[in-house]
Amino acid sequence: GRCGGEGVFWTEVRVPGRNVTVVAVRGTEFWRLSDYLEDVRMWTEPVMFSLLSTILPTIAAWSPQARAIATDTLHSLLEGVGLPDLEYKYMRLLRYIQTSVVPR
């Protein structure tokens with residue numbers, strides 16, 4: 001399987017003869033600041049909408065466009081405090097699975 005390379009945060013195990021691939025993703029490593037920043041970026045949006053729903057119960061009825069405006073505003077605020085809107089690590093893993101694992 002694939003593991004430990006530059007920027008690789010998952011391990012891939014193939015099961016021969018079964019057409020099965022298991023991809024295990026490592027969690028947050030407490031000594032890596034980049035992991036904490038990734039967690040902040042990943043969890044800020046759902047926490048924000050959860051908090052807003054306690055104040056504004058109508059948030060469930062918001063249109064997708066209204067939610068997109070709120071999300072864009074949140075990302076602008078995060079960028080303003082030094083957390084740029086870089087690509088999530090998850091997207092790299094998803095691309096890898098779509099291009100390398102699924103075609104098998």
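Helices and strands here are DSSP runs, numbered from the N terminus; a helix has at least four residues and a strand at least two. The model is predicted.

**Exercise 1. Place Asn19 in the chain and decide whether it is buried or exposed.**

Step 1. Find the flanking elements. Strand S1 covers 10-15 and strand S2 covers 20-25. Asn19 lies in the loop between them.

Step 2. Check the backbone. Phi of Asn19 is near 55°. That is a positive value, in a residue other than glycine.

Step 3. Apply the cut-off. Exposed means over 50% relative accessible area. Asn19 has 69% relative accessibility, so it counts as exposed.

**Exercise 2. Write down the order of strands and helices along the sequence.**

Step 1. Count the elements. The protein has 3 helices and 2 strands.

Step 2. Read along the sequence. The pattern is β-β-α-α-α.

**Exercise 3. Describe how helix H1 packs with helix H2.**

Step 1. Recall what is needed. Two packed helices are described by the angle between their axes and the distance between the axes.

Step 2. Locate the helices. H1 spans residues 33-55, and H2 spans residues 64-80.

Step 3. Give both values. The angle is about 125°, and the axes are 11 Å apart. That makes H1 oblique to H2.

Step 4. Add the handedness. H1 passes H2 in a right-handed crossing.

Step 5. List the residues that meet. H1 brings Thr44, Glu45, Met48 and Phe49. H2 brings Arg67, Ala70, Thr71, Leu74, His75 and Leu78.

Step 6. Sort them by type. The contact has 5 nonpolar, 3 polar and 2 charged residues.

**Exercise 4. Classify Glu29 and Lys89 as buried or exposed, and name their contacts beyond four places in sequence.**

Step 1. Set the cut-off. Buried means under 20% relative accessible area.

Step 2. Take Glu29. This residue lies in the loop between S2 and H1. Its relative accessible area is 18%, so Glu29 is buried. Leaving aside neighbours within four places in sequence, Glu29 is in contact with Asp35 and Tyr36.

Step 3. Take Lys89. Its place is in helix H3, residues 89-101. Its relative accessible area is 17%, so Lys89 is buried.

Step 4. List the contacts of Lys89. With neighbours within four places in sequence left aside, they are Phe9, Arg26, Ser34, Asp35 and Glu38.

Step 5. Compare sequence with space. Lys89 and Gly7 are 82 residues apart in sequence. Their C-alpha atoms are 9.1 Å apart in space.

**Exercise 5. Summarise burial, contacts and surface for the whole protein.**

Step 1. Start with burial. Of the 104 residues, 20% count as buried.

Step 2. Turn to contacts. Consider those with a separation of 6 or more. Residues 24 or more positions apart account for 44% of them.

Step 3. Finish with the surface. The protein exposes about 7,600 Å². Carbon and sulfur atoms supply 63% of that area.

Note on methods:
Residues are numbered from 1 along each chain as its sequence is written. This is a predicted model: local features need pLDDT of at least 70, side-chain atom pairs count only at pLDDT 80 or more; totals for chains, interfaces and linings use all residues. Side-chain values use heavy atoms; hydrogens and water are left out. Axes are lines fitted to C-alpha atoms, for helices over the stretch in contact, and angles run from 0 to 180 degrees between N-to-C directions. Angles under 35 degrees count as roughly parallel, over 145 as roughly antiparallel, 65 to 115 as roughly perpendicular and the rest as oblique. A crossing is left-handed if the near helix is turned anticlockwise from the far one by less than a right angle, and right-handed if clockwise. Contact means heavy atoms within 4.5 Å. Ala, Val, Leu, Ile, Met, Phe, Trp, Tyr, Cys and Pro count as nonpolar, Asp, Glu, Lys and Arg as charged, and the others, Gly among them, as polar. Buried means under 20% relative accessible area, exposed over 50%, partly exposed in between (1.4 Å probe, protein chains only). Accessible areas come from the Shrake-Rupley method with a 1.4 Å probe; for residues, only the protein chains shown count as cover.
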